[in-house]
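Here is a brief report on one protein model. It takes up a sheet, a helix and the nonpolar cores in turn.

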Amino acid sequence: MKYSFLIPVYNRPDEVDELLQSLTAQTLKDFEVIVVDDGSAVPCRSVAEKYAGQLPVRYFSKANSGPGQTRNYAAQRAEGEYLLILDSDVIVPPGYLEAVDGELRREPCDAFGGPDRAHPSFTPMQKAINYSMTSFFTTGGIRGGRKKMDKFYPRSFNMGVRREAYRALGGFSAMRFGEDIDFSIRIFKEGYRCRLFPDAWVWHKRRTDLKKFFKQVHNSGIARINLYKKYPESLKVVHLLPGVFTLGTAALLLGTAFCPYAPLPLLLYALLVCADATMQNRSLRIGLLAVAAAYVQLIGYGTGFWRAWWRRCVRGKDEFEAFKKNFYK
């Protein structure tokens, strides 16, 4: 067997249902599926069993230990030459596995990843959040695009690793957030070859409202400092930009007391995002929601970044003590 899909899940049976349904339509059939419930209060055993006659799917349940350790649990039981890691909130197009296989035949590598997109059926908010995560005006447009990069660091929503390389690296670390970036950093540190597969994309639901989205990106900002503490060389100028944006936004809003035109740059940025998102999605509603999503993304990440910097770099707390309420419940 060449491929093993690893799907960790926590309280998301409906999403797993959609993902497994999409896997039944794969044009290439040389794969197995391993679903692992990570201590879910709402398990998805019945969902996995529903597809037993359509997919070579195996279901497991274990005590909660976080996404990285759950992927390791699945990897220990996998039989494929390559491990394909997906988040439970993605949907896979019919040609996904064929695209992966074609890239590996053309130019083999040890690890790889692909981009994500918004499905036409997604809600306007989901499409707005997708825009904020992929736009040039928010992330620089480098998350899984075709832009040339010196290194591509795959993320866990759409990642593939040769099984032998995965085991040699010891799988994912015990980090509760940022564990996929940690894994990607170790891929390069150990000299393995990693590539972007532009045509091996997935539909990614992301978060369904701004509150959940803020929590996600806030934790990403925290994770960036945790990664910096482990790998100081991993912190790049681009990682500082949301923090700078957050401080700049606060300064401009406070400056309103002295100059009524101080917030003007924030308004111009909002108009730019709104216009671009509206044109891309052909919807003014999505354009307006994209403004909110963009600010939530940048400020959520920025506040998480500065919060972690204060606790870990200034106060000197370790990862567990600094954020046990966020990650280690």
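## An open sheet

In this predicted model, three strands make up an open sheet with mixed pairing, in the order β5-β10-β7. β5 and β7 (116–117) are the edge strands, each with a single partner strand, so one side of each has no neighbour in the sheet.

β5 and β10 (residues 202–204) run antiparallel and are joined by two bridges. One residue pair can be named here: Val 90 has His 204 of β10 as its bridge partner. Strands of a sheet pair through backbone hydrogen bonds.

## Helix α1 and its cover

Helix α1 spans residues 13–23. Its buried residues are Pro 13, Glu 15, Val 16, Leu 19, Leu 20, Ser 22 and Leu 23. An α-helix has 3.6 residues a turn, so residues three or four places apart point the same way.

What lies over the buried residues of α1? The cover includes the strands β1 (3–9), β2 (31–38), β4 (82–86) and β5 (90–91), along with helix α2 (45–50).

## Two nonpolar cores

The largest nonpolar core holds 34 residues. Phe 5, Leu 20, Leu 23, Val 33, Val 35, Tyr 96 and Val 100 have the most contacts inside it. At least two residues of this core come from each of β1, α1, β2, α2, β3 (57–62), β4 and α4 (96–106). α4 gives the most, with five residues.

Another core, of 21 residues, lies apart from this one. Among its members are Ala 128, Val 217, Val 291 and Ala 294.

## Contacts of Val 100

Leaving aside residues up to four places away in sequence, Val 100 touches Tyr 3, Leu 84, Phe 112, Phe 197 and Ala 200.

Definitions and conventions
Residues are numbered from 1 along each chain as its sequence is written. This is a predicted model: local features need pLDDT of at least 70, side-chain atom pairs count only at pLDDT 80 or more; totals for chains, interfaces and linings use all residues. Side-chain values use heavy atoms; hydrogens and water are left out. Buried means under 20% relative accessible area, exposed over 50%, partly exposed in between (1.4 Å probe, protein chains only). Helices (H or I, at least four residues) and strands (E, at least two) are DSSP runs, numbered from the N terminus. Contact means heavy atoms within 4.5 Å. A nonpolar core is a set of buried Ala, Val, Leu, Ile, Met, Phe, Trp, Tyr and Cys residues joined through side-chain atoms within 4.5 Å. Two strands pair if DSSP finds at least two bridges between them.
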